[in-house]
Amino acid sequence: MAGFPPALDRLVQTLGRLPGIGRKSATRIALKLVSSSEAECRELADSIVDARSRTVRCSECGSFTEDDPCSICTDTRRDPSVICVVERASDVLALERTGRFRGRYHVLGGVLSPLDGIGPENLRIDSLLARVTSRQVTEVILALNPTAEGEATALYLARILGSRGVTVSKLASGLPVGGDLDLADELTLGTALEERRAF
Ligand SMILES: [Zn+2]
């Protein structure tokens, strides 16, 4: 069976490496792109390069931003004494959509996963401890995904944070087990946040 011409095949391979895009979707997108005008393709390519070059990690919370520190970390109306710890920057967006959190965030960059070789040194734990120590932080909310690794990471963090005299809490149950925070609906996530309990 003849395959695609080399350039189109390369595009399918490249798209297929993106998260959530299997070979079928990659093929569909690639075929759509090569049928589009050059201007449309250029716009997509430019927006990727532009977003990449403008976006940095907030040196405070680790979320994505164009200005460092980000607008959440510099918002004086937000309560700096409460930090909500999440796995990924997309979780910040999910929690912001609930409109029910007025503290600040800390993006860990993943969870502990010994099988994948991810230990505490691979996550933004040191910077979390530094924030807790140097600021007037009174509560840390662990809003990690309800997966086995997320639970294990929360336990680990609760242990080291507890010894630093801050209240450690976690989201109330009710989130789909094994799921992603950013897939939960706003009402469920907002309720889990408001009904959080001490660790
Ligand atoms: Zn920030």
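**Exercise 1. Describe how helix α5 is placed against strands β3 and β4, and then how α5 meets α8.**

Solution. In this predicted model, α5 lies across β3 and β4, and its direction makes an angle of about 125 degrees with β3. The next step is to turn to the other helix: the axes of α5 and α8 come within 8 Å and cross at roughly 90 degrees. Because angles of 65 to 115 degrees count as roughly perpendicular, α5 is roughly perpendicular to α8. The last step is to name the residues that make this contact, which are A94, L95, R97 and T98 on the side of α5, and E186, L189, G190 and L193 on the side of α8.

**Exercise 2. Decide whether L95 is buried or exposed, and list the residues it touches.**

Solution. Begin with the position of L95, which lies in helix α5. L95 has 25 C-beta neighbours inside 10 Å, and since 20 or more such neighbours make a residue buried, L95 counts as buried. Leaving aside residues up to four places away in sequence, L95 touches C84, V86, F101, A143, L189 and L193. A distance to another residue can be added here: L95 and L161 are 66 residues apart along the chain, and their C-alpha atoms are separated by 22 Å.

**Exercise 3. Work out the order of the strands in the five-stranded sheet, and find which strands stand at its edges.**

Solution. The five strands form an open sheet in the order β4-β3-β5-β6-β7, with mixed pairing. The edge strands are β4 and β7 (197-198), each of which pairs on one side only. As background, strands of a sheet pair through backbone hydrogen bonds, either parallel or antiparallel.

Now take β5 and look at its two partners in turn. Four bridges join β3 to β5, and these two strands run parallel; within this pairing, I83 has V140 of β5 as its bridge partner. Four bridges also join β5 to β6 (residues 167-170), again with the strands running parallel, and I141 stands opposite S169 in β6.

**Exercise 4. Identify the largest nonpolar core and say which elements supply its residues.**

Solution. The largest nonpolar core has 35 residues, and those with the most contacts inside it are C84, V85, V86, V140, L142 and A143. At least two residues each are supplied by β3 (82-86), α5 (89-98), β4 (104-107), α6 (125-134), β5 (139-142), α7 (148-162) and α8 (186-194). The largest share, four residues, comes from β3. To see one of these core residues in its surroundings, consider V140, which touches I83, V85, V132, L161, V166 and V168 when residues up to four places away in sequence are not counted.

**Exercise 5. Compare two loop residues, D68 and N145, and decide for each whether it is buried or exposed.**

Solution. D68 lies in the loop between β2 (64-65) and α4 (71-74). Only residues with 12 or fewer other C-beta atoms within 10 Å count as exposed, and D68 is exposed because it has 12. Residues touched by D68, apart from those up to four places away in sequence, are V56, C58 and S59. The C-alpha atoms of D68 and L8, which are 60 residues apart along the chain, are separated by 38 Å.

N145, for its part, lies in the loop between β5 and α7. With 26 other C-beta atoms within 10 Å, N145 is buried. From N145 to S71 the separation is 74 residues in sequence and 24 Å in space, taken from C-alpha to C-alpha.

**Exercise 6. State what kind of peptide bond joins D68 and P69, and place P69 in the chain.**

Solution. P69 lies in the loop between β2 and α4. The peptide bond that joins D68 and P69 is cis, with omega at about 0 degrees. For background, most peptide bonds are trans.

**Exercise 7. Sketch the protein as a whole, from its domains to its overall dimensions.**

Solution. The protein is divided into domain 1 (6-46) and domain 2 (76-198), and the centres of these domains, taken over C-alpha atoms, are 35 Å apart. Eight helices and seven strands are present in the protein, and its C-alpha trace spans about 65 × 35 × 35 Å along the principal axes. Of the 199 residues, 25% are buried. Finally, among contacts between residues at least 6 apart in sequence, 54% join residues at least 24 apart.

Methods: Residues numbered from 1 in each chain as written. Predicted model: local features only at pLDDT ≥ 70, side-chain atom pairs only at ≥ 80, totals over all residues. Domains from an automatic or database assignment. Contact = placed C-beta atoms within 7 Å. Core = buried A, V, L, I, M, F, W, Y, C linked by C-beta atoms within 7 Å. Pairing = 2+ DSSP bridges. Axes fitted to C-alpha atoms, helices over the stretch in contact; angles between N-to-C directions. Parallel < 35°, antiparallel > 145°, perpendicular 65-115°, else oblique.
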